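Here are some short exercises to work through with the model open beside you. Try each task yourself before reading its solution.

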Amino acid sequence: MAPADSVSLPMYAINRADVDAQWQRLRRLLAGQGVAAAGLALSWPEDLAAHWQDPQLLLSQTCGYPFMTMLPDVQPVGCFHYDAPGCEGIGYRSFLLVRQRETGAELRDFRQRRAVCNSADSYSGYHALRAMTAPMAAGGHFFSQIIFSGGHEQSLIALQREEADIAAVDCVTYALLQRHRPERIRGLKTIGRTPLAPGLPLITQRHTSPATLAALRTALLGLVSAPEHREVCRAVLIKGFSPVSRRQYDVILQSPGNGI
């Protein structure tokens with residue numbers, strides 16, 4: 001099969017060594033399917049939007065919101081099942097986090113407080129929270145201020161530094177931070193969860209052939225099902241994989257109003 005020259009797995013790279021080990025196994029499985037990936041190294045692009053639209057993209061992982069709003073031409077490959085609290089099948093959610101000493105016990109108690117979000121194109125950190133606050137915002141703004149931190153980990157730091165009061169953080173990121181950087185969640189507590197939504201899709205470029213797309217899915221299924229890859233998958237909290245369609249992500253666009 002014709003080679004592509006761009007691969008990344010950027011979304012849950014709390015420990016890059018574990019993600020690279022995952023790619024090494026997947027690369028061998030792809031080679032077994034006839035995909036010319038032998039010399040293909042995992043990349044860590046700074047400009048993800050440009051990377052996801054690269055005409056040479058073989059495989060990457062994106063967030064559901066840019067997938068549905070910015071990337072109409074990429075093909076969905078599938079979605080991992082993650083072994084983390086808050087995940088169900090391909091579904092995931094975010095935890096609503098505040099400082100432990102806060103007296104508020106639910107989202108409505110944080111009206112006119114400061115929210116910190118990773119980015120405006122994030123479903124887990126921004127749009128899922130927007131959907132939850134919209135019914136309580138009465139046509140206005142629920143929070144007094146929205147701060148964009150640049151990443152879920154940075155949002156947690158902002159809470160700890162008292163630069164913000166509440167954040168919605170992807171449950172897989174939260175579980176990986178618990179394992180690798182527990183200091184990032186020290187002094188914080190969970191007061192709620194966002195509704196379940198389809199998890200972060202794996203994608204390939206629009207011109208990837210049906211044969212290569214099938215090979216990608218076969219290799220990914222092999223990665224999550226073969227006993228010899230189990231420890232590598234456990235290290236990145238992966239326990240399964242399912243092919244997905246774009247239609248499954250329509251729920252991402254059904255968030256009501258601005259409201260945040």
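**Exercise 1. Find how many helices and strands the chain has, then judge its compactness.**

Step 1: The chain holds eight helices and 12 strands, where helices (H or I, at least four residues) and strands (E, at least two) are DSSP runs numbered from the N terminus.
Step 2: The radius of gyration, taken over C-alpha atoms, is 19 Å, close to the 18 Å that the globule rule gives for 260 residues, so the chain is as compact as a globular protein of that length. That rule is 2.2 Å times the number of residues to the power 0.38.

Before going on, note that this is a predicted model: local features need pLDDT of at least 70, side-chain atom pairs count only at pLDDT 80 or more, and totals for chains, interfaces and linings use all residues. Residues are numbered from 1 along each chain as its sequence is written, and side-chain values use heavy atoms, leaving out hydrogens and water.

**Exercise 2. Work out what share of the chain is buried.**

Step 1: Buried means under 20% relative accessible area (1.4 Å probe, protein chains only).
Step 2: By that cut-off, 54% of the 260 residues are buried.

**Exercise 3. Describe the setting of strand β5 and identify its partners.**

Step 1: β5 covers residues 94–99, and six of its six residues are buried.
Step 2: Strands pair if DSSP finds at least two bridges between them. β5 pairs with β8 (residues 166–170) in the antiparallel sense over four bridges; here S94 has D170 as its bridge partner.
Step 3: β5 also pairs with β9 (residues 188–193), antiparallel over five bridges, with L97 bridged to T190.

Terms used. Buried < 20%, exposed > 50% of the residue type's maximum accessible area, 1.4 Å probe, protein only.
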